[in-house]
Amino acid sequence: MANNFLKTSRLDQFLDALRLFGELHAPTTSESGVHRFSLLDDPADLNLDYRRTQIPPKKYLLPFREEILHCAGDTYREGHCGAVDMVLFGVHSCDLEGIAYLDRVFLADPADPGYSARRASLTLVGVTCHPDDFCFCPEGTVSTACDLFLAASGDGFHLTSHSVRGNAILAAAEHLLEEGVPLQPATSSGLCFPPQDPELRFSDHPLWEKFASTCVSCGACSVCCPTCYCFDVREYPALSGGCTRIREWDNCLFASHGEVAGANFRPERLDRLRYRFLHKYCGFTPLQGISSCVGCGRCKEVCPVDIDLRELTVAPKQVQP
Ligand code: SF4
Ligand code: SF4
């Protein structure tokens, strides 16, 4: 079939077909109203009308805390053995692009073994988003960084495959699909936000002072960012011998992040805010010049003091400090 169309009335059956490819996770809403990706046992729990989840899909690829090594006596175990096949359904374009960025970091040579195993087991199914005032990716952006994309249209979805796995899903769900009208090709595949004006990187723009005077270093903007991946590695020796080594999320907004051997390279909030800005919008080697901001709007939404780093990128000359 050239143009695969799925009627909304058949969505539940389509979800069953997706379960053939792994454990199905999708956007749901908790009892306290928090949007999140979670295991979808009951299709009635699916919430495709969400704007953004509180924590992005990076949690599936970079667990908050994981054991990466355990040794005791003659036992030596690395923690990344095996990963469960999983289908992540209902991912918006910004989050798909966020995963594409993490791929560039963690699958580069040498690839991170834990990330690689989880990524190879993950099937991504994207869906049309509903932008709100916090979003700032270019309008109409449709990511191709997925196996299958469902573009909402009328009483259903146009399905476009972007991988061999996507083709396999279409084949498995063929009995649910019908011929649709031809769809405009995806408009974009790439990061959404342009690289930053280098002039601003080390400037003394008064907005830095303004932000630093209100930032409380809570770290929420980094925790919720789909492309923030700072981590710490800790080793816990056992009195009986051996040790356990864990990797866990770190946060460049925390004062402790810049501590090395008794010194702190970024003791001031201003330094830490600027560091995050540099990493996010200007990229570090080997991703120098590549923005990792995908315009999801989470950092702006969660900041308790309304700091919006886009003020520095949108019209720095016109913003009053
Ligand atoms: S910097 Fe903010 S808007 Fe950009 S990807 Fe991260 S959380 Fe989203
Ligand atoms: S969320 Fe806001 S207050 Fe918290 S660390 Fe980020 S910029 Fe600072």
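This tour goes through some paired strands, then a ligand and the cavities inside the protein. The model is predicted, and the stops below can be selected one after another.

**Strands β1, β8 and β9**

Begin by selecting residues 4-7, which form strand β1, together with residues 156-161, which form strand β9; the two run antiparallel and are joined by four bridges. To find one of these contacts, pick Phe5, whose bridge partner in β9 is His158. Keep β9 on display and add strand β8, residues 148-153, which runs antiparallel to β9 and is joined to β9 by six bridges. Here Leu148 can serve as a marker, since its bridge partner in β9 is Ser161. Between β8 and β9 lie two residues, the strands forming a hairpin, and in the turn Gly154 has a positive phi of about 55°.

**An open sheet of four strands**

Next, show the open sheet whose four strands follow the order β5-β4-β12-β11, with antiparallel pairing. Strands β5 (75-78) and β11 (231-237) stand at the edges with a single partner strand each, so one side of each has no neighbour in the sheet. Looking across this sheet, neighbouring strands are turned against each other by 15° on average, with direction ignored. For a closer view of one pair, select β4, residues 65-72, with β5: they pair in the antiparallel sense over four bridges, and His70 has Arg77 as its bridge partner in β5.

**Ligand 2 and the largest cavity**

Now select ligand 2, which sits in the largest cavity. Among the residues that surround ligand 2 are Cys215, Val216, Cys218, Leu253, Pro304 and Val305. The shell around ligand 2 comprises 10 nonpolar and two polar residues, with no charged ones. The cavity itself holds about 170 Å³ of space; of its 15 lining residues, Cys215, Cys221, Leu273, Cys303 and Ile307 are the closest to its centre. Sorted by class, the lining of the largest cavity has 12 nonpolar, two polar and one charged residue.

**The second largest cavity**

The structure holds four cavities of 30 Å³ or more, and the last stop is the second largest, with a volume of about 110 Å³. To centre the view there, select Cys225, Lys280, Cys293, Cys296 and Cys299, which are the closest to its centre of the 15 residues in its lining. Helices α8 (269-282) and α9 (298-302) each supply at least two residues of this lining, and α8 gives the most, with three residues. By class, the lining of the second largest cavity has eight nonpolar, four polar and three charged residues.

Note on methods
Residues numbered from 1 in each chain as written. Chains lettered and ligands numbered in written order. Predicted model: local features only at pLDDT ≥ 70, side-chain atom pairs only at ≥ 80, totals over all residues. Heavy atoms only, no water. Pairing = 2+ DSSP bridges. Axes fitted to C-alpha atoms, helices over the stretch in contact; angles between N-to-C directions. Near = heavy atom within 4 Å. 1 Å grid on protein atoms, 1.4 Å probe; cavity = no way out; pocket = protein on both sides within 12 Å on 5 of 7 lines; lining within 4 Å. Sits in = over half its atoms within 2 Å of the grid points. Nonpolar A, V, L, I, M, F, W, Y, C, P; charged D, E, K, R; others polar. Points joined across faces, edges and corners; volume = space filled by probe spheres on them.
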